[in-house]
Amino acid sequence: MPPNGNPTRDRIVAAATKLFYSEGLRATSVDAVAEKAGVTKKTLYYHFRTKDELIAAYLASRDQPTLAWYERWFAETRGSTADKVRGLFRAFGKSADTPHWRGCGFLRTIAELASTPGHPAIKAGAAHKKKFEAWMADTLARDGVHDAAKIARQIVILLDGAATVMLIHRDTAYVEAAGDVAAELVEQSSAARRPKLTASR
């Protein structure tokens, strides 16, 4: 979610984003967010009625920027559609290969709130994942990949799995391996769609 033109609200969301991502939801108090944002607790509650509402706003604010990174990584990779999918994974691995990376913010938030399935942040996280899947399906279909929706869903599984294993091992080789599998899926589907040549008589 881009800034909405309300500087105070945007400052609160920015502060919450830094703290929720680095420290976790439960470890971060509303007081800590207010202090980092440079506002009073009363001002924070004027803009966000509850901490849950603030958590949902934090996750929603990461939706479009994150999707934009994936689109950029795909577009900037040269080669076939399979090469571009592989490039997306490798670019993600490089971006995550820093001491400050704490994993996928969407997956971490959903994991922390797993006991409250109706939480608005879980809905925001699910919506983000669906947007990525829909974008990938549309992109693959446009590039002539057979069964694009199915391949896009498999890529989502591989990417989220790669993010989880990357968080455990801090080794980009796992992300690259997942990217190779995703690229192979695309290559196989692209080949299946090509017309077969018949031998001339």
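**Order of elements**

I read the elements of the protein chain from the N terminus and got α-α-α-α-α-α-α-α-α-α. I counted ten helices and zero strands. I keep in mind that this is a predicted model.

**Overall extent**

I looked up the span of the C-alpha trace next. Along its principal axes the protein chain covers about 85 × 30 × 30 Å. I then checked burial. Of the 201 residues, 42% count as buried. I also took the contacts between residues at least 6 apart in sequence. Of these, 66% join residues at least 24 apart.

**α1 against α2**

I started at the N-terminal end with helix α1 (residues 7-23) and helix α2 (residues 30-37). Their axes come within 8 Å and cross at roughly 120°. An angle over 145 degrees would be roughly antiparallel, and 65 to 115 would be roughly perpendicular. The two helices are therefore oblique to each other. I noted the hand of the crossing as right-handed.

Which residues of α1 and α2 make the contact? From α1 I listed R11, I12, A15, A16, K18, L19 and F20. From α2 I listed A32, V33, K36 and A37. I sorted them by class: eight are nonpolar, three are charged and none is polar.

**α4 against α7**

My next pair was helix α4 (residues 51-61) and helix α7 (residues 105-112). Here the axes come within 10 Å and cross at roughly 155°. That makes α4 roughly antiparallel to α7, because angles over 145 degrees count that way. I noted this crossing as left-handed.

I wrote down the partners. I55, Y58 and L59 come from α4, while G105, F106 and T109 come from α7. By class I found four nonpolar residues, two polar ones and no charged ones in this contact.

**S80, in a loop**

I looked for S80 and found it in the loop between α5 (63-76) and α6 (81-96). Is S80 buried or partly exposed? Its relative accessible area is 38%, so S80 is partly exposed. I then compared sequence with space. S80 and E187 are 107 residues apart in sequence, yet their C-alpha atoms are 9.0 Å apart.

**The length of α8**

I tested helix α8 (residues 120-142) against its expected span. Its 23 residues, at 1.5 Å a residue, should span 33 Å. The rule multiplies 1.5 Å by one less than the number of residues. I found the end C-alpha atoms 33 Å apart, which agrees.

I also went through α8 for burial. The buried residues are A121, I122, G125, H128, K129, F132, E133, W135, M136, A137, T139 and L140. After α8 comes G144, where I noted a positive phi near 85°.

**Positive phi away from glycine**

I then looked at two residues other than glycine with positive phi. One is D147, with phi near 55°. D147 sits in the loop between α8 and α9. Its relative accessible area is 39%, so I entered D147 as partly exposed.

The other entry is R170, also with phi near 55°. I placed R170 in the loop between α9 and α10. At a relative accessible area of 36%, R170 counts as partly exposed.

**D160, in α9**

I moved on to helix α9 (residues 148-169), which holds D160. Buried means under 20% relative accessible area. D160 comes to 19%, so D160 is buried.

What does D160 touch, leaving aside its neighbours within four places in sequence? I found L107 and K129 in contact with D160. K129 had already come up as one of the buried residues of α8.

**S189, in α10**

My last stop was helix α10 (residues 172-193), where S189 is placed. Its relative accessibility is 10%, so S189 counts as buried. I set aside residues up to four places away in sequence and looked at what was left. S189 touches V145, H146 and I151. Of these, I151 falls in the residue range of α9, 148-169.

Notes. Residues numbered from 1 in each chain as written. Predicted model: local features only at pLDDT ≥ 70, side-chain atom pairs only at ≥ 80, totals over all residues. Heavy atoms only, no water. Axes fitted to C-alpha atoms, helices over the stretch in contact; angles between N-to-C directions. Helix = DSSP H or I, 4+ residues; strand = E, 2+ residues; numbered from the N terminus. Parallel < 35°, antiparallel > 145°, perpendicular 65-115°, else oblique. Left-handed = near helix turned anticlockwise from the far one by under 90°. Contact = heavy atoms within 4.5 Å. Nonpolar A, V, L, I, M, F, W, Y, C, P; charged D, E, K, R; others polar. Buried < 20%, exposed > 50% of the residue type's maximum accessible area, 1.4 Å probe, protein only.
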